[in-house]
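This report covers the core, the salt bridges, the surface charge and the backbone of one chain. Please look over the sequence and the structure first.

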Amino acid sequence: MTGLSIAYNLKGKKITLFDKSWRPGGRVSTRIHDNYFFDHGAHYLSVNHNVLQLNELINKLNIAKEIEIDFATNYLKNKKTKKKIIIGKNGMNSIPKSIFENISLNNYFNTKIIKIKKNNKGAYTLFSEREEFKNFDYVLICIPYLQSKELSSNLIDFNKIMHEPSYDPIHTIMLSYKGKNNINLSGGLHLHKDISFFMNQNIKFKNLIDECWVLNMSSEYTKKNIDIDDKSLEKYAQTIFENTFKIKNKIRFIKSHRWLYAQTNISYNSLSKKYWINSKDNKIFLTGDWVIGKSLSDAWSAGEKLSHYIKILSV
């Protein structure tokens, strides 16, 4: 989302987008398995986020909607409420996808940049495993901090970076059941000491026939079991979920995914009061949600702030 924010805010500049994935959006991901749909990265956008530009763009493009759901603020303590959230009209990834479709820029998906090199004229060349891309004036790296650091270590003196953000990893589990289970909640927090979040997917995808859910294992559990095999993880999460809600229906589908950089634990700005990391020549910049926080709106805001600075530099 940070890269899209930069592209949107620098409209009129000659911009090229590189992404190792096949689609835009990063962790704003909608998984499709046969006839099942799961938002297993960013689950929703808070109605209370304060990123005005993102709100205006979403409304202008008509790509999201506000809904009210029954939500457990702490399931273990039986704390429940009505919660308003913003969701993509066709899954959460439809938000970055629609924004991308409304921006005119060169793009290379399924292209992982593995090296950046400065030439003797001060321009930059980017290298993937198969190709090289020449003559860039600026390189704005909008990926998780540790990956950004590795990619730019030959261009930025990280010994001078006194503060580094940290991440929490999270295992997610996608489940589908035949028929309805009569669970009277659409989502919530603290389902179990090892499951920090759960959300029904039928509230987002109305054409789903079977009942679909996404579970997030807690970051503490994930750290302790970072390399657990898929089958053991899936069986453990399924057992907790079914025992908690006394589910008798047959499971149709289950799949896990590990997000190594799921959410920012400590943001760069909270440590440094800065909104990006840059090279000495002000040509290489590192940014992302990790600069400000862990939400979709934080990712957009980080791109918006860096874009304003790039405009000043390029005048």
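Which side chain meets Lys-223 in a salt bridge? The partner is Asp-168, with an N to O distance of 3.1 Å. The model is predicted, so this contact comes from predicted coordinates.

**Salt bridges**

Lys-223 sits in helix α5 (residues 219-224) and Asp-168 in strand β12, so the bridge ties together parts 55 residues apart in sequence. The two ends differ in cover. Lys-223 counts as partly exposed because its relative accessibility is 46%, between the limits of 20% and 50%. Asp-168 has a relative accessible area of 8%, so this residue is buried.

The count of salt bridges comes to 10. Three of them are set out here, including the one above.

| Pair | N to O distance | Places |
|---|---|---|
| Lys-223 and Asp-168 | 3.1 Å | helix α5 and strand β12 |
| Glu-164 and Lys-149 | 2.8 Å | loop between α4 (145-152) and β12 (166-177), and helix α4 |
| Asp-281 and Lys-118 | 2.9 Å | loop between β17 (277-278) and β18 (284-286), and strand β8 (residues 115-118) |

Asp-281 and Lys-118 form a salt bridge. This pair ties together parts that are 163 residues apart in sequence, because Asp-281 is in the loop between β17 and β18 while Lys-118 is in strand β8. Asp-281 is partly exposed at 28% relative accessibility. Lys-118 is also partly exposed, at 40%.

Glu-164 and Lys-149 are joined by a salt bridge as well. Here the tied parts are 15 residues apart in sequence: a loop that follows α4, and helix α4 itself. Glu-164 is partly exposed, with 37% relative accessibility. Lys-149 is partly exposed too, with 27%.

**The nonpolar core**

How many residues make up the largest nonpolar core? There are 40. Met-1, Leu-54, Ile-99 and Trp-300 touch the most other members. Helices and strands both contribute: α1, α2 (52-61), β5 (64-74), β6 (79-88), α3 (94-101), β14 (195-200) and α8 (296-313) each give two or more residues. The most come from α8, which gives 5 residues.

Helix α3 is mostly covered, with 6 of its 8 residues buried. The buried ones are Ser-94, Ile-95, Pro-96, Ser-98, Ile-99 and Phe-100. Ile-99 thus appears in this buried set and among the core members with the most contacts.

**Positive surface charge**

Which residues form a positive surface patch? The patch consists of Lys-11, Lys-13, Lys-60 and Lys-311. Lys-11 is in the loop between α1 (2-9) and β1 (16-18). Its relative accessibility is 52%, so Lys-11 counts as exposed. That value is just past the cut-off, because exposed means over 50%.

Lys-20 is another lysine in a loop, the one between β1 and β2 (30-33). Is Lys-20 buried or exposed? Its relative accessible area is 54%, so Lys-20 is exposed. The C-alpha atoms of Lys-20 and Ile-156 are separated by 22 Å. Along the chain these residues are 136 residues apart.

**Backbone and a long separation**

Most residues other than glycine have a negative phi. Two asparagines have positive values. Asn-62 has a phi of about 55° and is not a glycine. Asn-62 lies in the loop between α2 and β5. It is partly exposed, because its relative accessibility is 49%.

Asn-110 has a positive phi near 55°. Asn-110 is in the loop between β7 (106-108) and β8. Its relative accessibility is 48%, so Asn-110 counts as partly exposed.

A third asparagine, Asn-243, belongs to helix α6 (residues 230-245). Asn-243 is exposed because its relative accessible area is 56%. What separates the C-alpha atoms of Asn-243 and Tyr-108? The distance is 45 Å, for residues 135 residues apart along the chain.

How values were computed: Residues numbered from 1 in each chain as written. Predicted model: local features only at pLDDT ≥ 70, side-chain atom pairs only at ≥ 80, totals over all residues. Heavy atoms only, no water. Patch = residues over 30% accessible without salt bridge, like charges linked within 9 Å, V, L, I, M, F, W, Y side chains within 5 Å. Areas by Shrake-Rupley, 256 points an atom, 1.4 Å probe, with all protein chains shown as cover. Salt bridge = Lys/Arg side-chain N within 4 Å of Asp/Glu carboxyl O. Lys, Arg positive; Asp, Glu negative; His and termini not counted. Charge placed at Lys NZ, Arg CZ, Asp CG, Glu CD. Helix = DSSP H or I, 4+ residues; strand = E, 2+ residues; numbered from the N terminus. Buried < 20%, exposed > 50% of the residue type's maximum accessible area, 1.4 Å probe, protein only. Core = buried A, V, L, I, M, F, W, Y, C linked by side-chain atoms within 4.5 Å.
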